[in-house]
Protein chains: 2
Amino acid sequence: MFSGLSAFPLTPFTSSGIDEKAFLSLLARLTTAKVDSLGVLGSTGSYAYLTREQRKRVATLAVEHADGIPVMVSIGATSTDEVLRLADDAQRAGAKALLLPAVAYQRLTEAEVYGLFEEVAQRVSSPICVYDNPGTTHTEFSDALYARIAALPNIVSIKIPGVPAEINAATQRVLNLRAVLPAHISIGVSGDASAGNGLIAGCDVWYSVCGGLFPHTAKSLTQAAKSGDVTAVAEQSLRLEPLWALFRKHGGSIRVMAAAAAILGLAGEHSLPRPLRALSASDQREVQQVIETLGLS
Amino acid sequence: MFSGLSAFPLTPFTSSGIDEKAFLSLLARLTTAKVDSLGVLGSTGSYAYLTREQRKRVATLAVEHADGIPVMVSIGATSTDEVLRLADDAQRAGAKALLLPAVAYQRLTEAEVYGLFEEVAQRVSSPICVYDNPGTTHTEFSDALYARIAALPNIVSIKIPGVPAEINAATQRVLNLRAVLPAHISIGVSGDASAGNGLIAGCDVWYSVCGGLFPHTAKSLTQAAKSGDVTAVAEQSLRLEPLWALFRKHGGSIRVMAAAAAILGLAGEHSLPRPLRALSASDQREVQQVIETLGLS
């Protein structure tokens with residue numbers, strides 16, 4: 001499950017809690033498109049805004065409706081004790097893998113980050129994907145830290161935050177990373193604008209926000225990469241630039257994807273957990289134009 | 001309660017949860033010293049690492065053992081729904097004020113930050129102190145945003161992250177802030193190294209980490225400021241520079257204060273919530289030397 005396209009859906013809300021109907025409609029879109037794996041409760045899945053009970057419920061729903069596609073569940077929290085409880089919950093819900101960020105409130109030292117992964121790796125029986133997303137977690141990983149964590153039991157993949165925009169630099173980045181990691185570790189690219197470059201550069205998997213709502217679009221890019229068609233990958237990624245531009249404009253992908261889900265009729269207009277807000281009407285129209293112009297699906 | 005010395009104690013942990021005995025011994029130190037108010041479950045009080053139930057328990061313990069000193073309780077969380085639940089809990093526990101940060105996982109827009117404060121201010125019946133600490137919450141407030149929030153009902157104080165090191169610049173900073181805020185808003189300085197300057201510059205209160213463990217030391221500085229003895233404030237703050245240097249060295253005050261609490265026999269050596277770790281033995285010795293040399297109490 002740590003290769004190809006891993007789709008990260010939103011967790012839509014209503015004013016009274018999780019919009020389960022909308023969540024299931026998003027899942028159905030992904031299972032119908034046969035993505036390679038599902039990454040629920042990622043940053044886009046708003047794990048950081050949910051109670052433990054809500055996270056248990058979302059994990060259970062995802063596994064029940066995954067149609068055989070393996071489900072990875074984020075177990076991120078600031079406190080190690082809470083992470084361990086969430087790991088137990090996710091495993092009981094049937095998650096096939098755990099996605100573990102090091103969420104900082106107090107900035108963490110390298111020893112503290114390692115200690116978190118060590119404790120969780122020793123406790124769980126499921127594969128763990130290391131989640132590196134400093135923009136939200138405020139924890140940075142050095143390559144030396146990646147290497148130490150990757151040597152722990154149960155660590156199988158690293159979700160890196162992106163690769164350089166220049167293809168030779170991107171390739172060198174992935175090579176450098178491979179050189180310090182055990183051979184069994186899958187490297188996954190995230191930061192959707194980086195995906196094309198990351199896959200060409202040799203990443204095994206695309207942990208994809210775009211793929212959480214537009215699985216056909218994301219699958220096409222992933223399959224071009226798998227078949228080694230570097231030109232097609234570069235062309236498709238470049239063609240999607242207006243979508244990446246919207247992500248940049250709105251400080252990340254989540255508000256854009258929430259607007260897109262509403263435009264597609266898959267979630268309500270106010271589907272983000274407060275204090276997050278929906279895009280303005282004019283920004284929503286821009287999202288709609290990009291969906292239509294690019295034929296995202 | 002929004003003037004003078006507001007002391008922010010640690011919430012010590014053992015391997016099985018909150019170390020209530022240690023927490024009460026810290027509180028006793030502060031009530032004996034008659035600080036002006038208590039700020040429990042601040043960043044130093046590790047609110048971001050506790051469950052809702054643990055926070056309810058700490059708030060209740062603090063109010064029960066405050067010996068008549070008013071207690072402010074932090075209600076910070078990423079989700080507005082959780083903030084509202086925590087506000088209810090804190091008010092029911094008898095908190096006299098609520099400390100409200102805008103904790104970001106996804107970076108918040110100004111409209112989202114304002115929306116959070118608006119919703120909470122309309123819901124609660126207790127005074128609210130705005131908590132601005134971008135180093136941990138990753139939310140920054142413009143002065144215009146301060147002004148809009150300060151105009152909401154129940155907002156009574158703003159805990160600012162610090163003032164410039166140069167005294168004329170610090171005074172100008174506080175004057176500029178006063179110019180945009182309603183007259184009833186108390187301005188509180190935090191970032192202990194800034195406290196002397198902040199108080200001289202006209203801040204009403206010191207929201208103090210140092211004061212959470214060394215109330216006599218912090219009170220002396222606060223009282224010198226209250227009596228207008230600018231020279232004494234500057235001298236005392238300068239004398240404490242080795243403590244501020246330790247805070248800078250360890251990326252903030254919490255690990256230093258936890259080490260200090262253990263050295264004083266008020267908490268165990270490993271009193272921080274994991275993944276946070278105790279300082280190394282040699283760093284602990286440095287903390288001990290500073291406590292002894294400066295006669296912190």
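Is A:Lys159 buried or exposed at 6% relative accessibility? A:Lys159 counts as buried. The legends below describe close-up views of a predicted model.

**Figure 1. The two residues that UniProt lists as "active site" in chain A.** The annotation comes from an unreviewed UniProt entry and names A:Tyr131 and A:Lys159. These residues span 29 residues in sequence, but their C-alpha atoms are no more than 5.1 Å apart, so they gather at one spot. A:Tyr131 lies in strand β7 of chain A, residues 128-131, and A:Lys159 lies in strand β8 of chain A, residues 155-160.

**Figure 2. Surroundings of A:Tyr131 in strand β7 of chain A.** With a relative accessible area of 2%, A:Tyr131 is buried. Apart from neighbours within four places in sequence, its contacts in chain A include A:Ser43, A:Tyr47, A:Phe141 and A:Lys159. The stretch A:Leu99, A:Leu100, A:Pro101 and A:Ala102 also touches A:Tyr131. A contact from chain B is made by B:Tyr105.

**Figure 3. Surroundings of A:Lys159 in strand β8 of chain A.** The relative accessibility of A:Lys159 is 6%, and the residue is buried because this value is under the 20% cut-off. Residues up to four places away in sequence are not counted among its contacts here. A:Lys159 touches A:Cys129, A:Val130, A:Tyr131 and A:Asp132. Its other contacts are A:Phe8, A:Leu99, A:Gly188, A:Ser190 and A:Tyr207. A:Leu99 is also in contact with A:Tyr131.

**Figure 4. A:Asp192 in the loop between β9 and α8 of chain A.** The loop runs between strand β9 (186-189) and helix α8 (195-200). A:Asp192 is buried, with a relative accessible area of 5%. Leaving aside neighbours within four places in sequence, A:Asp192 is in contact with A:Trp206, A:Tyr207, A:Ser208, A:Val209 and A:Cys210. A:Trp244 and A:Phe247 are also in contact with A:Asp192. A:Tyr207 also touches A:Lys159. From A:Asp192 to A:Ala218 the C-alpha distance is 9.4 Å, with their positions 26 residues apart in sequence.

**Figure 5. Packing of helices α9 and α10 in chain B.** Two packed helices are described by the angle between their axes and the distance between the axes. Helix α9 (residues 215-226) of chain B and helix α10 (residues 230-239) of chain B have axes that come within 8 Å and cross at roughly 155°. The two helices are therefore roughly antiparallel to each other. α9(B) passes α10(B) in a left-handed crossing. From α9(B), the contact is made by B:Thr217, B:Ser220, B:Leu221, B:Ala224 and B:Ala225; from α10(B), by B:Ala232, B:Val233, B:Gln236 and B:Ser237. By class, these residues are five nonpolar, four polar and no charged.

**Figure 6. Surroundings of B:Ser237 in helix α10 of chain B.** B:Ser237 is buried at a relative accessible area of 13%. Not counting residues up to four places away in sequence, B:Ser237 touches B:Ala193, B:Gly196, B:Leu221 and B:Trp244. Of these contacts, B:Leu221 belongs to α9(B).

**Figure 7. Packing of helices α6 and α7 in chain B.** The axes of helix α6 (residues 143-150) of chain B and helix α7 (residues 167-180) of chain B come within 9 Å and cross at roughly 45°. The helices are therefore oblique to each other. α6(B) passes α7(B) in a right-handed crossing. B:Asp143, B:Tyr146 and B:Ala147 in α6(B) meet B:Arg173, B:Leu177 and B:Val180 in α7(B). This contact has four nonpolar, no polar and two charged residues.

Key:
Residues numbered from 1 in each chain as written. Chains lettered and ligands numbered in written order. Predicted model: local features only at pLDDT ≥ 70, side-chain atom pairs only at ≥ 80, totals over all residues. Heavy atoms only, no water. UniProt positions renumbered as here; feature names shortened; annotations may be inferred. Helix = DSSP H or I, 4+ residues; strand = E, 2+ residues; numbered from the N terminus. Buried < 20%, exposed > 50% of the residue type's maximum accessible area, 1.4 Å probe, protein only. Contact = heavy atoms within 4.5 Å. Axes fitted to C-alpha atoms, helices over the stretch in contact; angles between N-to-C directions. Parallel < 35°, antiparallel > 145°, perpendicular 65-115°, else oblique. Left-handed = near helix turned anticlockwise from the far one by under 90°. Nonpolar A, V, L, I, M, F, W, Y, C, P; charged D, E, K, R; others polar.
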